Amino acid sequence: MRDPRYDILFEPLAIGPVTAKNRFYQVPHCNGGGYRDPSAAAAMRGIKSEGGWGVVFTEQCEMHHTSEITPFIELRLWEDKDIPMLAKMAGKMKEHGALAGIQLAYSGINGPNLYTKEVPRAVSPGPIRTFTNDPVQARALSKGEIKDLRRWFVNAAKRSKAAGFDLICLYGAHGFGIFQHFLSRATNMRDDEYGGSLENRSRFAREVIADMREAVGDTMGITLRVSLDETIGDLGFSNAEVRDFVEMNKDLPDLWDLAHGTWEDCSGPSRFKEEAAQEALVKGIRELSSKPVVGVGRFTSPDVMARMIRQGTLDAIGCARPSIADPFLPKKVEEGRIDDIRECIGCNICITGDMTMSISRCTQNPTFMEEWRKGWHPERMNAKGASQSVLVVGSGPAGLEATRALAERGYDVALAEAGTALGGRVARERLLPGLSAWGRVADYREYQISQKPNVQSYFDSALDAESILEFGFEHVCLATGAKWRRDGVSRQHVVPMPMDASMPIYTPDDIMDGKRPAGHVVIYDDDHYYMGGVLAELLRQEGCEVTIVTPSAYLSDWTVNTLEQHTIHKRLAEMGVEIVLNRGVTRIGKGHVVTNCAYTDRTSELGCDAVVVVASKLESNQVYADLKACETDWADAGIKTVRIIGDAEAPGPIAWATYAGHRYARELDGENIGDALPFRREITELAAE
């Protein structure tokens, strides 16, 4: 039963000619599927409708072939043949009463057009601004082409209506959308009626919305996504000017969609951004317009959501990442099941799907983007198979998710943990700087398991093969994790690195166990994700002189995909950490390391008192190997299968572990599919000759 404190979240909201059933508003977000995986994306959006969201939007949809952002895979609405794909998505969105929204984007200065080979067109000429610094420039739109662009937006609006959408979002935020490019002096250097004063820079938005309102405005709501602050001072579209723009055009769209600065500013990970981090930037804007306002801020707490609306800061709660982590968040609030919400941990693994042009993942929700491909539902498991009992060894993210999901299916599960607490690597990493929210991975699953009478947890239970054979479980799932290597083997070194025994050498596991180096510490980072940077921050906070050395051209290189690489580098540099790029470590000597240039291999010595090696991991798979060695004894012991999952099979990010645990639970007692694909995919239709 719903807590009355949250009643305000379930009040209807009028958006132009249409009405949302509540205030839960899934803002546009990418998913790594786009035009390549339309059915997978449609099913994912449909699940959110089922989960109770009042508004569900697509991702960015490229509305004309003269502006596209290949290699990134977004939706396209270039011609009528794109309508059926989008109609399928709109239908899924509306199936359970949500309003279906489409975000129309023209990327301008951000569109390199690598696929269409069209010359990029922008508000003003300049180099294309992309993540990969493509050596391409855009030319300025002529006034005649601005008229063409207005017409293209109307054509896209008509196609959107034909596809069944209720709402259109015009993209003008994160630096990506043409509306922001017109509004910002950083991208608008025009000296005609579209440049100069704020009134002139607003002209294009006014014209397009007027055109659209005439074409489809009697049946569709029109929203405008605007950057709250470009954070580049007076040169850009500042928060003060945003307020002037809204006040000057207070009745322009049917809803104001407000999102901070760049994508990195808006969707920064929990390590650097708290919940509701944009509140100060958005506060007071609602009073400048008669139209409703939606804002974002990785909202995970229903109390914060209700407060934002009750105080008049927002009219709708915009969520992207929280809607991925738990598509059923609104229903759980409505049904009084707050403890069942899978809270977003702000790791930004979902964003890496878009950045790597692959199907997205979610650390908390392993079913994300598998709703159509594998038939996985985030709240319902498949029926139990013929077996009854499962032993899960290891309570890290893989073991916890396997246990939770197996219990949900109806199996009797024994969870054996060698230590005294659940969580494995998560229980340790959550104590590192900025990673406390990651503990939700363990907290959610520990609570769910505690509610299951068919789960028994055992601590201080370091099992060996012999004891497992004696227990008599039908299935054994080994989720025994992995340990960081001390010998430096990773990408630079495929065999152990020469190390002087007199030099104090630490691994991340040592640091998390409470061991500490002293004096000048060199961190050798050949992992390239978050761990090296996090340990540098921790040791610097504790007073060490820290130098971090990496063979990559970027510190914490892979975090470019989680939108935090720039922030990590900036924070460590401001803390006084010496950052050495493009250099590896060839040898650890007495009182020094020998570094080498990644390009010339030229070496030099760097003096230090201790070294932290952040390389690769070794799988903790000895129990699995021992069980495999006595496979002939399984039948007599009543064992049908033994599987190894998660980091124990192959180390990876936490999202890979929760996915592995979920997949194990889904597929237990399943049919043998042989060489068939374990997921569905779509194939491009061949055109007629």
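Which hand, left or right, does the crossing of α19 and α20 have? In this predicted model, the crossing of these two helices is left-handed. Helix α19 spans residues 531-541 and helix α20 spans residues 565-575. Their axes lie 10 Å apart. The packing angle is about 20 degrees. Angles under 35 degrees count as roughly parallel, and α19 is therefore roughly parallel to α20.

The contact draws on named residues of both helices. From α19 come G533, A536, E537, R540 and Q541. They meet R571, L572 and M575 of α20. By character, the residues of this contact comprise 3 nonpolar, 2 polar and 3 charged.

Internal space was examined next. Across the whole structure, 3 cavities of 30 Å³ or more were found. The largest of them holds about 80 Å³ of space. Its lining is made up of 14 residues. Closest to the centre of this cavity are C344, C347, C350, C362 and T363. Two elements, α11 (321-325) and α13 (349-355), give two or more residues to the lining. Helix α11 gives the most, with 3 residues. The lining of the largest cavity divides into 8 nonpolar, 4 polar and 2 charged residues.

The second largest cavity has a volume of about 50 Å³. Its lining includes I345, C347, I349 and T363. R425, W438, Y529 and Y530 also line this cavity, as do P653, I654 and A655. Of the lining residues, 9 are nonpolar, 1 is polar and 1 is charged. C347 and T363 thus appear in both accounts: they are among the residues closest to the centre of the largest cavity, and they line the second largest cavity.

Backbone geometry was considered last. The peptide bond from T70 to P71 is cis. Its omega is near 20 degrees. P71 sits in the loop between β4 (55-62) and β5 (75-76). A second backbone feature occurs at N348. There, phi is near 70 degrees. This is a positive value in a residue other than glycine. N348 belongs to the loop between α12 (329-334) and α13. Helix α13 is also one of the elements that give two or more residues to the lining of the largest cavity.

Key. Residues numbered from 1 in each chain as written. Predicted model: local features only at pLDDT ≥ 70, side-chain atom pairs only at ≥ 80, totals over all residues. Heavy atoms only, no water. Axes fitted to C-alpha atoms, helices over the stretch in contact; angles between N-to-C directions. Helix = DSSP H or I, 4+ residues; strand = E, 2+ residues; numbered from the N terminus. Parallel < 35°, antiparallel > 145°, perpendicular 65-115°, else oblique. Left-handed = near helix turned anticlockwise from the far one by under 90°. Contact = heavy atoms within 4.5 Å. Nonpolar A, V, L, I, M, F, W, Y, C, P; charged D, E, K, R; others polar. 1 Å grid on protein atoms, 1.4 Å probe; cavity = no way out; pocket = protein on both sides within 12 Å on 5 of 7 lines; lining within 4 Å. Points joined across faces, edges and corners; volume = space filled by probe spheres on them.
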